[in-house]
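Subject: Structure handover

Hello,

Here is the structure for your files. My notes on two parts of it follow below.

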Amino acid sequence: MNRDSDKQAAAVAAVAEVQNGMLVGLGTGSTAAFVISEIGRLCAEGLRIEAVGTSLATEAHAREVGIPLRDLASVAVIDLAIDGTDEFDPSLRAIKGAGGAMLREKIVAAAARRMVVVADGSKRVAQLGHAALPIEVLPLARAYVADVLAACGGLPTLRGGDASPTLTDQGNIIFDCDFGPIDDPALLARRLSAIPGVMGHGLFVDEVDAVYVADQGVVERIERSAAPSP
Ligand code: 5RP
């Protein structure tokens with residue numbers, strides 16, 4: 001089994017939670033893409049759902065496979081969100097945002113009654129911090145926020161570089177910030193959220209209700225209720 005087959009196996013297992021009539025949050029990235037394809041296949045067979053996307057790319061994919069879309073701006077409550085992750089720890093805390101969609105992903109996760117993450121086994125870590133933490137920043141706050149992130153112990157790198165910074169779907173810039181091993185994700189999340197100019201970050205402390213993780217073709221579902229508390 002290669003990594004793509006594992007991503008697909010986790011995605012297909014999670015999509016089994018989708019039921020007629022649901023409003024579903026669709027994640028972003030290569031694993032979430034398998035979710036979208038599978039839901040599209042089921043819609044073609046008669047599944048009746050509506051969805052909101054966490055990025056323009058996801059919305060385009062959903063349209064392509066025939067999933068009816070709602071505008072996120074008009075939605076307060078989502079039944080089920082299914083998204084990928086860059087890493088998750090044993091307590092189901094996660095770092096997301098390598099695809100740059102962490103702000104919308106966080107809004108969709110927060111609005112969702114249940115959020116499940118789909119992943120191949122490479123995303124499982126003992127402690128968060130292997131991946132740099134993506135932080136979405138208002139462009140005019142670039143220098144100020146970089147300074148504060150460094151004071152918080154991070155090493156911020158502007159995604160895309162100074163000459164042509166990568167812009168998010170909202171037109172903001174991204175710092176990929178290396179904090180090393182993160183001892184207290186909840187504390188770091190609170191500190192980041194309090195910085196003026198930070199629009200969002202990829203630290204998901206308590207949004208994830210369950211993870212479907214596939215290793216060598218074997219899918220395991222880990223529920224937050226059964227996971228060790230931090
Ligand atoms: C995008 C994300 C993705 O879900 C995350 O980066 C995982 O992507 P992939 O499934 O391609 O490894 O958070 O912002």
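**Strand β12 and its partners**

D215 stands opposite V218 in β13. The model is a predicted one, and this pair belongs to the antiparallel pairing of β12 with strand β13 (residues 218–223), which counts six bridges. The hairpin formed by β12 and β13 has two residues between the strands, and Q216 there takes a positive phi near 50°.

β12 also pairs with strand β6 (residues 112–120); these two run parallel and are joined by five bridges. In that pairing D120 stands opposite A214 of β12.

As for burial, five of the six residues of β12 (residues 210–215) are buried, so the strand is largely enclosed by the rest of the structure.

**Helix α3**

The second part is helix α3 (residues 56–64), where T58, E59, H61 and A62 are buried. Viewed down the axis of α3, its buried residues fall within an arc of 165°, so they line one face of the helix. This can be read against the usual helix geometry: an α-helix has 3.6 residues a turn, so residues three or four places apart point the same way.

What do the buried residues of α3 pack against? Their contacts are with β1 (23–26), α2 (30–44), β2 (50–53) and α4 (102–111). A57, R63 and E64, on the other side of α3, are exposed. After α3 comes G66, with a positive phi near 85°.

Regards

How values were computed: Residues numbered from 1 in each chain as written. Predicted model: local features only at pLDDT ≥ 70, side-chain atom pairs only at ≥ 80, totals over all residues. Heavy atoms only, no water. Buried < 20%, exposed > 50% of the residue type's maximum accessible area, 1.4 Å probe, protein only. Helix = DSSP H or I, 4+ residues; strand = E, 2+ residues; numbered from the N terminus. Pairing = 2+ DSSP bridges. Arc of directions from axis to C-beta. Contact = heavy atoms within 4.5 Å.
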